[in-house]
Amino acid sequence: MTFSTTLSSTSSTPTLPTGLWDVFCRVIDNHGDLGVCWRLCADLAQRGKRVRLWVDDASALRWMAPQGAHNVDVFEWQDSLHMPQLGEVVIEAFGCELPESVQTRIAQHPPVVWINLEYLSAESYVPRAHGLPSPVMHGPAKGHTKWFFYPGFTPDTGGLLRETHLLQQQRTWDAQAWHKRMALPADPQALWVSMFCYEPAGMVDWLQSLALQPRSVHLLVTAGRAQAAMTQALRTLGWQAQLPQGLHIHTLPYLSQVEFDHLLWRCDLNFVRGEDSLVRALWAHRPCIWHIYPQDDHAHHAKLDAYLDWLQAPQSLRSFHHAWNGIAPAENWDMHLQEWASCFASTRARLLEQDSLSDQLLAFCASK
Ligand code: TRH
């Protein structure tokens, strides 16, 4: 990865550079916008494209992707003002609204395809809207067409990001070496749980129930909001100075996406949030609990239920999700890990039969 601030100045030509894709991303909040865009860029590059990622705040890439990726260059958003040439495909991630200068360029030399990459949802509008044209009604590119591309969980949507080598990497991954690298104790009989969340309504009650577990529990808490929420919950419980017997809490530094995936592969249960970490948890072959991104109008309630329906979640998993997300009071905090694991195993098998998001995107663009 190069954090480039200058662009080579070639005179603009009507011929678009073959194999060059431009991805535009604005960081609204949290890490999902950039997290998804980075994985997409790296995956497209793996599949033979050269990708330029234009982002207004690339700072999180320093921990998320310190290794960079071959054939992916990162540019500051404002440098697109001086961009000499557009790529053959332009991806506008999450309705980020392209800079006027880029829209003007599109009007002058339209890319082969202009994609509007949307947020992930299991709701029923997704298959209906996926792949539809979106005529541009105003601005410099008025009269041109963008195409809606919806990630999703079913074959009639744009699918989920999944690298070609993911399963192979999972098979050969060395959990013991990871433990050593992370300086974590070996405690094979314990329950290992990862925690990536906002401020879950159910955290205090769930921690109390965890303390009653017969097995010892190692809770691996990710950096940022999850750690702040955990600190607050421990304060509420009066556990700052001493944790109940058998409960161990480990605070993690910010991990690269590669190490974040390893964390999910290692744990017996993963708490994830947002969008990208949910997808990674679905690939991890472990049960997971989703803290959905909360919206003011409670639109996330329907979004969560659509996901649980698609998952064919057993009742215990549904009610756990509702309580964790503050949608309904907890019936109990029982974790039916075996039942949940078999639900996630069949879900993963279904997902593996579907084409990945990048494969579908490549095919979609080639068809235009
Ligand atoms: O950070 P998020 O809550 O992102 C959210 C959602 O995407 C939401 O839909 C969007 O509207 C909002 O952002 C703006 O959760 P998400 O999507 O899981 O993204 C987190 C990314 O951070 C993911 O790529 C994993 C990465 N990550 C690491 O790589 N290492 C870490 O240590 C941690 C904590 C996260």
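This is a short conversation about how to read the ligand site in a predicted model.

Biologist: Let's begin with the surroundings. How many residues surround the ligand, and which are the closest?

Modeller: A shell is simply the set of residues with a heavy atom within 4 Å of the molecule. Here 23 residues make up that shell, and Y198, L255, R273, D276 and S277 are the closest. By type, nine are nonpolar, nine polar and five charged.

Biologist: Which polar atoms of the protein lie by the ligand's nitrogen and oxygen atoms?

Modeller: For polar contacts, look for pairs of N or O atoms within 3.5 Å. A ligand nitrogen lies 2.7 Å from a polar backbone atom of L255. The side chain of S277 places an N or O atom 2.7 Å from a ligand oxygen. With G32 the partner is a backbone N or O atom, 2.9 Å from an oxygen of the ligand.

Biologist: And how much of the ligand does the protein bury?

Modeller: Compare the ligand taken alone with the ligand in place. Alone, the ligand exposes 700 Å², and the protein buries 97% of that area. The space that the ligand takes is the largest pocket.

Biologist: Which helices should I trace around that space?

Modeller: Four elements give two or more residues to the shell: α1 (32-46), α2 (61-64), α9 (257-266) and α10 (276-283). Of these, α1 gives the most, with three residues.

Biologist: Why do you say that the ligand lies between the domains?

Modeller: Check which domains supply the shell. Domain 1 (3-158) and domain 2 (166-352) both contribute residues, so the ligand lies between them.

Methods: Residues numbered from 1 in each chain as written. Predicted model: local features only at pLDDT ≥ 70, side-chain atom pairs only at ≥ 80, totals over all residues. Heavy atoms only, no water. Polar contact = N/O pair within 3.5 Å; in protein donor to acceptor, adjacent residues only side chain to side chain. Areas by Shrake-Rupley, 256 points an atom, 1.4 Å probe, with all protein chains shown as cover. 1 Å grid on protein atoms, 1.4 Å probe; cavity = no way out; pocket = protein on both sides within 12 Å on 5 of 7 lines; lining within 4 Å. Sits in = over half its atoms within 2 Å of the grid points. Nonpolar A, V, L, I, M, F, W, Y, C, P; charged D, E, K, R; others polar. Domains from an automatic or database assignment.
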